[in-house]
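Work through the exercises below with the sequence and the 3D view open. Try each task before you read its solution.

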Amino acid sequence: MLDLKLLRENPDAVRAGAMKKRLPDRAAAVDRALQIDGELRLLNPKLDVLRNEQKNASRDIGKLAPAEREAVLGKQKERKAELAGLEEREKQLRADLDQQLSLIPNVPDADVPEGKDDTENVEVRRVGTVRTFEFKPRAHFEIGEAQGWLDFERASKMAGSRNYFLFGDLALLHDAVLRYAVELLVGRGFTAVDPPLMVRDPAMFGTGFFPGGEEQTYRAEKDGLNLIGTSEVPVTSLHSGEMLAEGDLPKKYVARSACFRREAGTYGKDTRGLYRVHQFHKVEQVIVDVADKARSIEHHHAIVKNAEDMLTAFELPYRVVAVCGGDLGVPQAMKYDIETWMPSRNAYSETHSASRFYDYQARRLDIRYRPKDGGKPLVCHTLNNTVVASPRILIPLLENHQQADGTVRIPPALQPYLGGRAVIGKPLG
RNA sequence: GGAGAGGUGGCAGAGUGGCUGAAUGUACCGGUUUCGAAAACCGGCGUGGGGCAACCCACCGAGGGUUCGAAUCCCUCCCUCUCCGCCA
């Protein structure tokens with residue numbers, strides 16, 4: 001949610017922002033919101049006056065003589081009826097305003113490239129060398145199935161498509177990358193979190209996934225709960241409704257959790273292998289800090305670096321892209337994706353997504369802090385980034401580190417989590 | 001699942017129908033004192049909206065209702081705690 005003041009003062013920038021995100025219907029919400037706001041601002045003074053009269057009269061009524069009392073009582077009833085009408089109108093307008101405000105996207109920052117979709121994202125840097133194979137490389141699912149590490153058939157039979165079983169050393173590698181990621185971030189001052197996987201609607205709204213993301217979300221209707229698609233939802237919502245002390249900021253969390261996504265509308269896309277699945281595990285970094293744009297940008301670069309350092313430790317080639325307006329989500333002000341090289345796709349593919357929001361999520365979630373100087377409370381800034389998502393990260397790990405005989409080399413950083421082994425798998429015939 | 005208690009300002013905690021937007025404590029800000037600090041003392045201090053201002057309006061978990069008037073009474077929901085039952 002944007003500050004209503006920003007909307008009044010600079011509606012053009014907000015409208016232009018929605019257009020940069022290629023969301024014309026959301027841009028239209030700007031004008032609807034302003035129109036409702038205008039009506040409300042006309043109505044409010046009338047209500048204030050009426051309430052004031054009513055309040056004063058009812059306060060004096062106890063002191064009145066019985067004869068005068070009757071007259072005042074009559075007058076009060078009239079006012080009551082009039083107030084009821086206006087208050088009904090006010091309630092309606094407020095609800096409408098909230099609805100329109102919730103539709104208005106965060107304004108993309110100046111450093112967000114212009115563009116319609118992910119094909120127009122702009123590469124910022126490329127790190128590591130793409131390997132040239134002296135043998136015919138296998139896709140991760142070929143290695144996995146041949147090694148007995150992967151079973152899609154039985155998984156989809158019992159759970160539907162886009163589900164998987166991991167076995168043996170691949171299941172252990174999956175756990176290894178998650179553990180490595182948590183420990184890396186804990187070493188950098190983040191607090192480890194194991195959050196709820198099912199949340200109520202306000203957390204989904206607050207983080208900006210609703211309205212809009214309902215179709216991507218599994219829902220336990222009976223209990224009114226939503227399965228999280230990312231721990232960004234429960235962790236960013238952690239301090240919802242709270243008044244933090246500036247001295248307690250920044251809050252830096254690293255959460256490990258399962259994530260669930262319906263992947264509606266992706267039929268026929270990325271159907272083979274572990275790339276697009278309904279359920280995965282992710283280690284996510286979340287920061288809540290003071291309302292300072294420069295500081296948010298610093299954090300943003302720091303959380304991208306955390307992920308890059310992990311990829312470097314995993315010896316994987318990757319690139320960082322600045323996500324263009326058309327590919328940017330509703331709540332984000334700016335986003336970097338990290339794409340890791342996947343030989344079977346012959347492409348860099350998304351493995352990480354680092355967003356900064358400024359106060360957009362925090363305003364929806366009502367996360368504020370009291371400044372050190374004792375001034376008025378301010379709305380916090382929030383950010384988040386993937387540290388690692390698995391099994392997706394297993395794709396580049398298996399494919400980039402495979403050897404001619406079908407075994408897979410384990411980078412030194414991960415060996416301690418696999419009993420010190422430098423290689424997993426047996427030679428394939 | 002059954003029975004009961006409760007949700008009030010940053011925090012703690014009074015307040016059961018009429019100048020109560022809310023005592024008190026604590027935290028915080030300013031000052032006095034001090035070489036400096038602590039303590040003590042004095043003053044200020046909820047959030048949001050409107051107004052140049054005096055000041056006005058809303059908000060006591062959320063939403064309805066009763067009443068001239070609701071933090072206070074009634075209903076629904078959410079949450080927390082205690083006891084019993086069940087259970088990974």
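**Exercise 1. Find the strand that pairs with β5, and place both in their sheet.**

Step 1. Strand β7 (residues 225-227) is joined to β5 by two bridges, and the two run antiparallel. Strands here are DSSP runs of E with at least two residues, helices are runs of H or I with at least four residues, and both are numbered from the N terminus. Two strands count as paired if DSSP finds at least two bridges between them.

Step 2. Find methionine 198; leucine 227 in β7 stands opposite.

Step 3. Now add the third strand. The open sheet has the order β5-β7-β6, with antiparallel pairing. β5 (198-199) and β6 (219-220) are the edge strands, each with a single partner, so one side of each has no neighbour in the sheet.

A note on the model. This is a predicted model, in which local features need pLDDT of at least 70, side-chain atom pairs count only at pLDDT 80 or more, and totals for chains, interfaces and linings use all residues. Residues are numbered from 1 along each chain as its sequence is written, chains are lettered from A and ligands numbered from 1 in the order in which they are written, and side-chain values use heavy atoms, with hydrogens and water left out.

**Exercise 2. Describe the surroundings of strand β13.**

Step 1. Check the cover. In β13 (residues 347-358), 10 of the 12 residues are buried. Buried means under 20% relative accessible area, exposed means over 50%, and partly exposed lies in between (1.4 Å probe, protein chains only).

Step 2. Look at β12 (residues 334-342). Nine bridges pair β12 with β13 in the antiparallel sense. Tyrosine 336 faces alanine 354 of β13 across this pairing.

Step 3. Inspect the turn. Four residues lie between the strands of this hairpin, and asparagine 346 takes a positive phi near 50°.

Step 4. Look at β16 (residues 381-390). β16 runs antiparallel to β13, and four bridges join them. Tyrosine 358 has threonine 382 of β16 as its bridge partner.

**Exercise 3. Locate the nonpolar cores.**

Step 1. The largest nonpolar core has 61 residues. Such a core is a set of buried Ala, Val, Leu, Ile, Met, Phe, Trp, Tyr and Cys residues joined through side-chain atoms within 4.5 Å. Among the residues with the most contacts inside this core are Leu173, Met310 and Phe314.

Step 2. Helix α7 (residues 168-186) gives this core its largest share, 10 residues.

Step 3. Centre on leucine 173. Its contacts (heavy atoms within 4.5 Å) include Leu394, Leu397, Ile410 and Ile424, leaving aside residues up to four places away in sequence.

Step 4. A second, separate core has 20 residues, including Leu40 and Leu103.

**Exercise 4. Which residues of helix α5 are buried, and where do they point?**

Step 1. In α5 (residues 140-147), the buried residues are His140, Phe141, Ile143, Gly144 and Gln147.

Step 2. They lie on the same side of α5, because they cover an arc of only 160° around the axis. The arc is that of the directions from the helix axis to the C-beta atoms.

Step 3. These buried residues pack against β2 (150-151), α12 (394-400) and β17 (408-409).

Step 4. Glycine 148, just after α5, has a positive phi of about 80°.

**Exercise 5. Track down the unusual backbone angles.**

Step 1. Recall the background: most residues other than glycine have a negative phi, and most peptide bonds are trans.

Step 2. Find the cis bonds. One joins phenylalanine 210 and proline 211, with omega about -5°. Proline 211 sits in the loop between α8 (201-206) and β6. Another runs from serine 390 to proline 391, with omega near 20°. Proline 391 belongs to the loop between β16 and α12.

Step 3. Compare two positive phi values. Arginine 162 has a phi of about 65°, and glutamate 315 has one of about 60°. Arginine 162 is buried, at 13% relative accessible area, whereas glutamate 315 is partly exposed, at 36%.
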